[in-house]
Amino acid sequence: MTLSEDLSGPAPWPTVRTTRDVLAVVHNVTAATRLLDVAELVGGDLRVQTTFTVPPYSAFVDGTEQFLADLGIRPLPWDVATTRHFDLAVAASHGGDLRKLDAPRMIIPHGMGYNKYLLEPGARSPEPGARSPEPVFGLSAEWLLDDGELIPSSLVLSHAEQLDRLVRDCADAAGVAVLAGDPCLDRMLASRPLRAVYRRALGTVGDRRLVVVSSTWGEASLFGRYPDLPARLAANLPLDDYRVVLALHPNVWQWHTPWQIQVWTESAHRAGVRLLPAAEGWRAALVAADLVVGDHGSVTFYGAALGVPTVLAAAPTDVVAPDSAIGRFIRLAPRLDHDRPYPEQLDALLERPAPAGLASVTALATSAPEQAMSLVRKEFYRLLDLPEPIWPAEPLTIPVPPDIEREPGAQLVRVELTERRAVITRYPAELVRVAHGMPRGAHLSVDVTEPYRVFLELAEIVVVPDARDAAAVLASMPGCLLAVGMLDARSWLVIDATGLEVRCTGDAALARVCASVVHAWLTSGRDPEELRGALSLGLGAGTHVVTVERVQLPPDPLRVGDEPAGLGDDH
């Protein structure tokens, strides 16, 4: 029996006998995430069976069925769904022939309200405040009427300003409009108490600043216009002061394929940028963020709505309605100057107040803050003709991203020594590739994950996982001065090619930093024996202490393959 035959109609073998059938219409991964935000509102009701289907109309449909399958959802084929009766069909997009469905049709936004339209290339941008010259997706007759008949039975809007535009552009649909707030934003608002947890998972603790780079899809987007910006931005920011994560719209992933995105962003990855998953991760990042660098997409607007200082790297005026929330936003938000140093611009963004009027624009995200779940559920059950469950409709908090923190394998390190204190500034070595230069007085430190031969050839410090391999690796890199490797969980050994050994203890994460301090100590002509004792390390805004327990001077040149003293089984 085929899946279609199995699910084409009522069957005699359900375990739970429900009284209502809901169909979730999933056009693409973006729509899926928005539908899943509200599916829980009926998902736990034993009276309701929820079925998913994927219509073949979206240009970004590839991967949608697999995304659902990974969640344990078996989609009903679209051609089967159009032959069955459902008590409610819910979609987060307007594409395709939804009128084929035998059900009341409820449509919710799949982003922050309704803002975008498409113009032919080279078309004149509308004047600020002017009426949109093109149909706005989701609010115009072109999307809401078919042969003069309404497609939705219920059209969910997040703010009253959308209703005003709807009345102007498609008055026939005003009667089915429901002001129900923004479930996606409400989930982020509910997650604010977990900010510290998200920050740690994303590699940001203490005063280290988290920068979220966000791009919607399309050639006018941040990634469409400046695909190298994440790498350039991260490479120019000190590693211990900033953490950069990149959130790309799911449509970018779906159209270009995950493999291609991974390859295109390899330079950014080498600069320390964390590429967030297509479907989730960006919301936790926004809650955790100190800064957002974005464009005209919903994610950027959400960041500003959460009160995060936001700067636009791309802000096209010809793809969004000027009287929409995002159209107003991109006229007010500050712009990133691609010809000026990034660090000073980001520092200034944090220090100065938000532009006048920006808060009133970001307030257009929702007319009912933290009420969306109850309002959407009320509409669900009105359409289902059932009384609501007795339990409250509450937003779920955002999942904590997986903790996969890893520093760039190649780093440019500058050390300033004063007595027993060292102030260390680190940059991704990718700075050499994107800026064709390196900070004055810096040296190159690489670990064994470094794939570029030229960086291995230029390295002055090599970091190996196990100190027993340090001498052999160092001997194979003639231009390298020092090697460092772990002895146990809290101690490490720094060696040079002559047989000098410096044994240190402290937080294992400081091993490669400590090697840079030893490098600065030796190249400044200081006596290596004076390294013994506690050293204070200034790293970013924090101060750490390591202890140099032993300094063994070389009796004679170390032979290649010799195991340094103190590396026996008792280490």
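In this predicted model, the largest nonpolar core has 53 residues, and those that touch the most other members are Val 211, Val 213, Leu 229, Leu 233, Val 293, Leu 346 and Leu 444. Helix H10, spanning residues 229-235, supplies the largest share of this core, with 5 residues. Nonpolar side chains in soluble globular proteins tend to be buried together.

One member of this core, Leu 346, shows what such packing involves. Once residues up to four places away in sequence are set aside, Leu 346 touches Val 211, Leu 233, Leu 237, Tyr 242, Leu 291 and Val 293. A separate core of 40 residues lies apart from the one just described; among its members are Leu 185, Leu 276, Val 292 and Val 308.

Helix H10 also carries a charged residue, Arg 232. Is Arg 232 buried or exposed? Its relative accessibility is 18%, and the limit for a buried residue is under 20%; Arg 232 therefore counts as buried. Beyond its neighbours within four places in sequence, Arg 232 is in contact with Tyr 226, His 338, Tyr 342 and Val 434.

Attention now turns to a sheet. Six strands form an open sheet with parallel pairing, in the order S2-S1-S3-S4-S7-S8. Strand S2 (48-53) and strand S8 (177-179) occupy the edges; each has a single partner strand, so one side of each is left without a neighbour in the sheet. From one strand to the next, the twist averages 25°.

Within this sheet, strand S1 (residues 20-25) and strand S3 (residues 88-91) are joined by 4 bridges in the parallel sense. Val 25 has Ala 91 of S3 as its bridge partner. Helix H2, made up of residues 29-43, lies across S1, S2 and S3 and runs at about 160° to S2.

A further helix, H19, covers residues 372-384. Does its length agree or disagree with the expected span? At 1.5 Å a residue, its 13 residues should span 18 Å, and because the end C-alpha atoms are 18 Å apart, the two agree. The buried residues of H19 are Ala 372, Met 373, Val 376, Arg 377, Glu 379, Phe 380, Tyr 381, Leu 383 and Leu 384. An α-helix has 3.6 residues a turn, so residues three or four places apart point the same way. In H19, the buried set includes Met 373, Val 376 and Phe 380, as well as Arg 377 and Glu 379. Asp 385 follows H19, and its phi is positive, near 55°.

Technical notes: Residues numbered from 1 in each chain as written. Predicted model: local features only at pLDDT ≥ 70, side-chain atom pairs only at ≥ 80, totals over all residues. Heavy atoms only, no water. Helix = DSSP H or I, 4+ residues; strand = E, 2+ residues; numbered from the N terminus. Expected span 1.5 Å × (residues − 1). Buried < 20%, exposed > 50% of the residue type's maximum accessible area, 1.4 Å probe, protein only. Core = buried A, V, L, I, M, F, W, Y, C linked by side-chain atoms within 4.5 Å. Contact = heavy atoms within 4.5 Å. Pairing = 2+ DSSP bridges. Axes fitted to C-alpha atoms, helices over the stretch in contact; angles between N-to-C directions.
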